[in-house]
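Subject: Structure handover

Hi,

Here's the structure I promised to pass on, with a few notes on what turned up when I went through it. Have a look at it first, then read on.

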Amino acid sequence: MRKLMLAALSSGGGKTLIAAGLGLALQKKGLRVSAFKCGPDYIDPMFHEAAIRKPCRHLDLFLSGKETVCNLLDNAAKDSDFALCEGVMGFYDGLGGTTTRASTWEVADAADIPVVLVVQPKGTSVTLAAQIAGLVGFRKPSHICGVILNQCARPMFEILAPMLERETGLAVLGYVPHLPQAEIESRHLGLCTAGEIDHLQKRLSEIAQALEETVDIGRLLELSAEHVPAKISESKPLEHNASVRIAVARDEAFCFYYEENFEELRRHGAELVFFSPLNDEVLPKNCAGLYLGGGYPELYAERLQKNHTMRAEITRAAKSGLPIIAECGGFLYLGKSLESPEGKNYDMCGVLDGHGQKGTRPVRFGYATLTAQTDGLLCKKGEHFPIHSFHYWDSTENGADFIAEKPVGTRKWRCGIHQKRLYAGFGHLYFPGIPGAAQRFVTAAKEYQNDRIENISG
């Protein structure tokens with residue numbers, strides 16, 4: 001398997017759709033492609049998945065360690081010819097905006113991945129060369145091996161390419177002209193999700209075709225590095241007496257999940273059953289656990305309220321002791337009410353006391369470490385683990401069962417609800433970086449299932 005990362009000088013550089021289009025272009029050449037995203041983003045991976053029709057995984061050196069990141073690449077090598085990674089933010093931008101920790105560069109360095117910069121000229125020429133040369137020299141090794149010019153017309157590319165190669169020593173692999181089909185609308189958490197984009201497959205095909213015409217993919221393949229996986233990296237399923245069914249909310253309102261979380265749950269014996277709180281009337285049958293991920297419930301608050309039977313069923317299940325993980329949007333859904341973007345309040349499940357309220361900017365944004373103040377579903381009192389938080393909406397009751405601490409600076413706050421069979425809060429969990437969490441959730445589900453069987457037989 002070969003590997004390559006696309007990175008940029010800043011967010012908004014257009015690398016997501018270029019990476020998705022490149023993945024599709026590589027597939028058209030007969031290569032088996034795996035996609036990866038640096039950082040905790042949920043939305044960008046949806047476009048990679050739509051392009052190559054395979055799950056996109058995350059390479060995150062805050063949510064997990066170097067060994068986990070490298071193992072993800074190793075496991076991809078089993079059935080892939082090419083690992084295509086997309087960076088996050090600016091190339092060197094890391095924790096707190098003041099370090100390179102968990103940056104795209106640190107991931108590239110940890111996994112030894114060659115990097116191609118996607119840059120927009122935007123009225124610069126020699127100055128652009130100075131910027132690129134600065135990136136190359138800022139850290140050693142930088143792993144930067146090439147450049148693609150985005151939003152660049154062919155005449156400008158023909159002027160810039162030889163100068164940039166001369167001044168930077170890097171290969172200029174091609175350009176991407178202005179593509180109206182590559183323009184995707186944004187909202188308060190970033191790009192609209194892939195499922196909301198009209199004619200997305202047609203758009204991705206057109207982007208892939210444009211890249212085939214304007215980017216030297218053969219030269220790009222030459223710059224990519226051969227990846228030799230470790231011999232002991234494969235995560236094998238554990239031995240279990242029986243599997244247990246866990247219901248996972250997945251629709252337009254609840255769509256923010258890490259594929260690795262699903263894999264960890266399955267590895268510990270869970271059968272995941274997907275359902276829609278928007279469209280289904282009841283929970284899937286014989287499920288002994290519930291996973292409510294993040295997303296945009298505020299955009300669908302009226303429809304969620306109107307689904308009375310689903311809300312009532314979740315409330316009954318929670319009262320019966322059903323193990324539940326509810327992250328961010330799922331946390332808001334379990335509350336008493338949720339405010340829509342228009343300012344109207346709608347009834348939610350009422351399992352928790354809080355009311356979801358509209359905000360105007362990100363609340364407690366970014367990475368943090370949670371330290372448990374109680375024994376509960378995920379861990380014991382005093383144990384800690386990393387999370388990521390990104391939300392505009394807030395709750396009147398955020399809980400106080402964890403102390404959250406930013407990785408840079410001194411900011412701390414209480415948050416989260418952590419009980420024997422419940423985790424609920426704005427912090428998104430990454431199971432590969434929380435030892436034992438997936439297993440504890442599955443074990444709690446099995447205990448609930450056994451209790452239910454005993455009650456019926458009794």
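Pro341 sits in the loop that joins strand 17 (337-339) to strand 18 (345-347). Bear in mind that this is a predicted model. With a relative accessibility of 29%, Pro341 counts as partly exposed, because that value lies between the 20% cut-off for buried and the 50% cut-off for exposed. Leaving out residues up to four places away in sequence, Pro341 touches Glu298, Leu299, Lys358 and Trp393. How far apart in space are Pro341 and Glu213? Their C-alpha atoms are 42 Å apart, with the two positions 128 residues apart in sequence terms.

Glu213 brings us to helix 7, which runs over residues 200-214. Its 15 residues, at 1.5 Å a residue, should span 21 Å, and the C-alpha atoms at its ends are indeed 21 Å apart, so the two values agree. Which residues of helix 7 are buried? They are Leu200, Leu204, Ile207, Ala208, Ala210, Leu211 and Thr214. These cover an arc of only 160 degrees around the axis, so they lie on the same side of helix 7. The general rule behind such a pattern is that an α-helix has 3.6 residues a turn, so residues three or four places apart point the same way. On the face turned away from the buried side of helix 7 you'll find the exposed residues Lys202 and Glu213. As for partners, the buried residues of helix 7 pack against helix 1 (15-28), helix 2 (43-52), strand 7 (171-176) and helix 8 (217-223).

Next, Cys328. The UniProt annotation "active site", from an unreviewed entry, covers this residue. Cys328 is in the loop between strand 16 (324-327) and helix 12 (329-334). Is Cys328 buried or exposed? Its relative accessible area is 7%, so Cys328 is buried. Not counting residues up to four places away in sequence, Cys328 touches Gly294, Phe390, His391, Gly425, Phe426 and His428.

Last one: Ser142, in the loop between helix 5 (126-138) and strand 6 (144-150). Ser142 counts as buried because its relative accessibility is 6%. Its contacts, again without residues up to four places away in sequence, are Phe91, Tyr92, Trp105, Leu135 and Val136.

Cheers

Definitions and conventions: Residues numbered from 1 in each chain as written. Predicted model: local features only at pLDDT ≥ 70, side-chain atom pairs only at ≥ 80, totals over all residues. Heavy atoms only, no water. UniProt positions renumbered as here; feature names shortened; annotations may be inferred. Helix = DSSP H or I, 4+ residues; strand = E, 2+ residues; numbered from the N terminus. Buried < 20%, exposed > 50% of the residue type's maximum accessible area, 1.4 Å probe, protein only. Contact = heavy atoms within 4.5 Å. Expected span 1.5 Å × (residues − 1). Arc of directions from axis to C-beta.
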